[in-house]
Amino acid sequence: MTTGTGGMLAAELERLATDAGRRLEDAPADEILRWAAQTFGDRFCVLSSMGDAVVASLAAKAKPGVDVVFLDTGYHFAETIGMRDAVAAVYDVNVVTATPAITVAEQDSAYGKDMFDRDPERCCAIRKVAPMEAALVHYDSWATGVRRDESPTRANTPVVAWDARRRKVKVNPIARWTQGQVDAYIAENHILVSPLIDDGYLSIGCWPCTEKVALGADARSGRWAGKSKTECGINT
Ligand code: SF4
């Protein structure tokens, strides 16, 4: 039988994910995170792009000292690196920075400059997907801040799901939250938010592939604007 990643058996992980996905569909975010923390212990982490600290703060309450994995692609805004350091300083979390196997300079030299323009799929595969999957080797389950109202491609996001490709349990504790609920939670709890959000970047990724969002447009419309690409591959 196939194992997960050194933790539970894959079949057991899949059963847990399927059962929790049904049972926790209407549960509040903190209950979903408590379930994940109790079920997976140290083999549970949060993956954060450091746009805000909503999920990191919720997860820190469910599991003090929880690992928060950040993918440093080498193409981040300076504000994003500042957010990472602020989150590490303010919340009871352990920020883990994952980096690609090659630097931007090495990528430029091997494949030509500005691959993000010519072949963003390959650039994301090298700078996001591969380091994310390498980082997740240490966990059976990870949480994201993906929400159904962010874009049409995320409208069916489950609160807990089995990721068959990675053989891990993916937890989306705020999948059902609206932007209004996120804003209210941030205001009531004084949650850290990237200064880029106030500047109009409603979904934050690497600087070459992130633009400000037009009034009324969906939050992720500023990502890879003008290209058919809508996801980097870490949430698909
Ligand atoms: Fe490269 Fe853009 Fe993907 Fe970042 S978001 S890894 S710069 S293609």
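At what angle do α2 and α3 pack, and how far apart are their axes? I took this up as my opening entry on the model, which is a predicted one, and I found an angle of about 55° with the axes 9 Å apart.

**Entry: α2 against α3**

I chose these two quantities because two packed helices are described by the angle between their axes and the distance between the axes. Since angles under 35 degrees count as roughly parallel and those from 65 to 115 as roughly perpendicular, I noted α2 and α3 as oblique to each other. I then looked up the hand of the crossing, which is right-handed. From α2, the residues that meet α3 are Ala 29, Leu 33, Arg 34 and Ala 37, and their partners in α3 are Val 55, Leu 58, Ala 59 and Ala 62. Sorted by class, this contact holds 7 nonpolar residues, no polar ones and 1 charged residue.

**Entry: α2 by itself**

I checked the length of α2, which runs over residues 29-40, and its 12 residues should span 16 Å at 1.5 Å a residue, in agreement with the 16 Å between its end C-alpha atoms. I listed its buried residues as Ala 29, Ile 32, Leu 33, Trp 35, Ala 36, Ala 37 and Phe 40. Looking for what these buried residues pack against, I found the helices α1 (10-23) and α3 (54-62), together with the strands β1 (44-47), β4 (141-143), β5 (160-163) and β6 (168-171). Following the chain onward from α2, I came to Gly 41, whose phi is positive, near 55°.

**Entry: α5 against α7**

I turned next to helix α5 (residues 104-111) and helix α7 (residues 120-135), which pack at an angle of about 140° with their axes 12 Å apart. Because roughly antiparallel applies to angles over 145 degrees, I recorded α5 and α7 as oblique to each other. The crossing in which α5 passes α7 is right-handed. On the α5 side I noted Val 104, Gln 107 and Tyr 111, which meet Arg 122, Cys 123, Ile 126 and Arg 127 in α7. The residues of this contact divide into 4 nonpolar, 1 polar and 2 charged.

I then singled out Gln 107, which lies in helix α5. Is Gln 107 buried or exposed? Its relative accessible area is 0%, so I entered Gln 107 as buried. Leaving aside residues up to four places away in sequence, Gln 107 touches Tyr 75, Ile 102, Gly 112, Met 115, Cys 123, Ile 126 and Arg 127.

**Entry: positive phi outside glycine**

I looked for residues of this kind because most residues other than glycine have a negative phi. Asp 114, although not a glycine, has a positive phi of about 55°, and I placed this residue in the loop between α5 and α6 (115-118). At 29% relative accessibility, Asp 114 counts as partly exposed. Arg 167, likewise not a glycine, has a positive phi of about 55° and sits in the loop between β5 and β6. With a relative accessibility of 32%, Arg 167 counts as partly exposed.

**Entry: the whole chain**

I closed with the totals, noting that the secondary structure comes to 9 helices and 6 strands and that buried residues make up 50% of the 236 residues in the chain. Among contacts between residues at least 6 apart in sequence, I recorded that 68% join residues at least 24 apart.

Methods
Residues numbered from 1 in each chain as written. Predicted model: local features only at pLDDT ≥ 70, side-chain atom pairs only at ≥ 80, totals over all residues. Heavy atoms only, no water. Axes fitted to C-alpha atoms, helices over the stretch in contact; angles between N-to-C directions. Helix = DSSP H or I, 4+ residues; strand = E, 2+ residues; numbered from the N terminus. Left-handed = near helix turned anticlockwise from the far one by under 90°. Contact = heavy atoms within 4.5 Å. Nonpolar A, V, L, I, M, F, W, Y, C, P; charged D, E, K, R; others polar. Expected span 1.5 Å × (residues − 1). Buried < 20%, exposed > 50% of the residue type's maximum accessible area, 1.4 Å probe, protein only.
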